[in-house]
Amino acid sequence: MDEHERLRELVGAHALRSLPLEEVREVVEHLPACPSCRELLAELETLAGELALAAPPVAPPRLLLARIHRSVEAAPRRRPISMFAAAAGIVAVVAMGAVSMIAMQRASRIQDRAGTLGDAVQAMSVFGTTAFPLRDGGADGSELVGVTGPELKHLYLVGEHVPDPAPGNVYRLWLERGGDFFLAAEFVPEEGVVVLEVVVDPTGLDRLLVTEESASERTDTPGGVPRWSTSLSSEA
Amino acid sequence: MREGDRSDRELHDGLARGDRAAFEALYRRYAPAAYGVALRVTGQPALAQEVVHDAFLALWRAPEAYDPARGPFRGFFLALVHHRAVDTVRREDRMRKRGERAANLEPLTGEDVAEEIVDDTELAERRRHVRGALADLPSEQRTVLEMAYFGGHTQAQIAEELGIPVGTVKTRTFAAIRKLRRALLGED
């Protein structure tokens, strides 16, 4: 079997989510240079969705839809983000919701920066990762780590000991590409912990910037106070 | 036109415009399949509910994550649910309970155990097709595929559990994928 055939096998297993981290990394590193494997992965992701139909359908609890509606109400779609996202090539911004609490709880136990990164990667099953700590402009001991995710289209922001913003303020995550900034997420920490998932192609991103801004004021460029930042030019 | 009569594409278009009725129609169409696969993978109703909740919430908040050029909505969404389910069980490090989960679940190729579920005609037909394609796989290929997909096992874990080399697991998995791809997507 030649090397490319071996990688195609890995792509297939990756679509089933059955690869360990080191092999996912191989896939992720291979995909950008291989259109045929990218096409294969797209097909097999569809196949992976179809296979779900083999499981017996089960009526979810009746209260689940009501709960989803409540979550939708509590976290409405951010129209300005969608607008900026289209311009930036950002596909989506997803707050991870209740499941992320599991990761948050794990993240809160992390003892050091390396441990933070390792556990964040493991906890969130972010494969093929590149990690980059964000420099803390406030020097208050808080830590934020960005992690790129599977197939080079996810970016996670994980942090602990992150202080609450001032009343009426929120944190905003901005992505800089070619001198333009795009708003990717708006968040406040929960008990000092931040776990955000941004679905975005990180290729070509130059910088991540987190600002503290007024929740009621929206602009199309970073405002307020810069809090954390990192250059991605060498990692992306 | 009733919401239930609209195509996935029409409902997704509505969803992208913020149409809550379209969102709810997609929920009613796919929640049983989503909950079914999430329950199968996680083995725990509470975790399965979290997976389905988060998947639908993600869909609502970022409908543009689905690109119609990459295939049908159903495949996109159910893959999202499956991947979240696998990620969830791995996060929870519940590997030691896998055997217990598997023992408690119905055979995949059998009849549905949830009689109250009524698939629309297309979905029911597709379900039969998928199950038929799985049933047609050689048993050793079907075993590794189901352990990976529904068990959330890595290939190394499958190899250890079955007592076979990892290379054999890889070969069987890809052979199964190739056959399923041909049967379900019409690709070689």
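Which side chain does E50(B) meet in a salt bridge? I looked this pair up before the others, and found that E50(B) meets the side chain of R67(A), with N and O 2.9 Å apart. For the term itself I noted the rule that a salt bridge is a side-chain nitrogen of Lys or Arg within 4 Å of a carboxyl oxygen of Asp or Glu.

Before going on, I wrote down that this is a predicted model, in which local features need pLDDT of at least 70 and side-chain atom pairs count only at pLDDT 80 or more, while totals for chains, interfaces and linings use all residues. Residues are numbered from 1 along each chain as its sequence is written, chains are lettered from A and ligands numbered from 1 in the order in which they are written, and side-chain values use heavy atoms, with hydrogens and water left out.

Entry on E50(B) and R67(A). I located E50(B) in helix α3 (residues 45-61) of chain B and R67(A) in helix α4 (residues 62-74) of chain A, so this salt bridge joins two chains. Helices here are DSSP runs (H or I, at least four residues), numbered from the N terminus. I then checked accessibility, where buried means under 20% relative accessible area, exposed over 50%, and partly exposed in between (1.4 Å probe, protein chains only). E50(B) counts as buried at 19%, whereas R67(A) is partly exposed at 22%.

Entry on helix α3(B). I found that 14 of the 17 residues of α3(B) are buried. I also compared its length with the expected span, which is 1.5 Å times one less than the number of residues; for α3(B) this gives 24 Å, and the end C-alpha atoms are indeed 24 Å apart.

Entry on E43(A) and R181(B). These two side chains form a salt bridge with N to O at 2.6 Å, and the pair crosses from helix α3 (residues 35-51) of chain A to helix α9 of chain B. I noted that E43(A) is buried, at 15%, and that R181(B) is buried as well, at 12%.

Entry on E5(A) and R178(B). The closest N and O atoms of this salt bridge are 3.6 Å apart. Because E5(A) lies in helix α1 (residues 3-15) of chain A and R178(B) in helix α9 (residues 166-185) of chain B, this pair too joins two chains. E5(A) is partly exposed at 27%, and R178(B) is partly exposed at 37%.

Entry on the wider count. I recorded 20 salt bridges over all chains, and a network of salt bridges that links E50(A), R74(B), E122(B) and R126(B).
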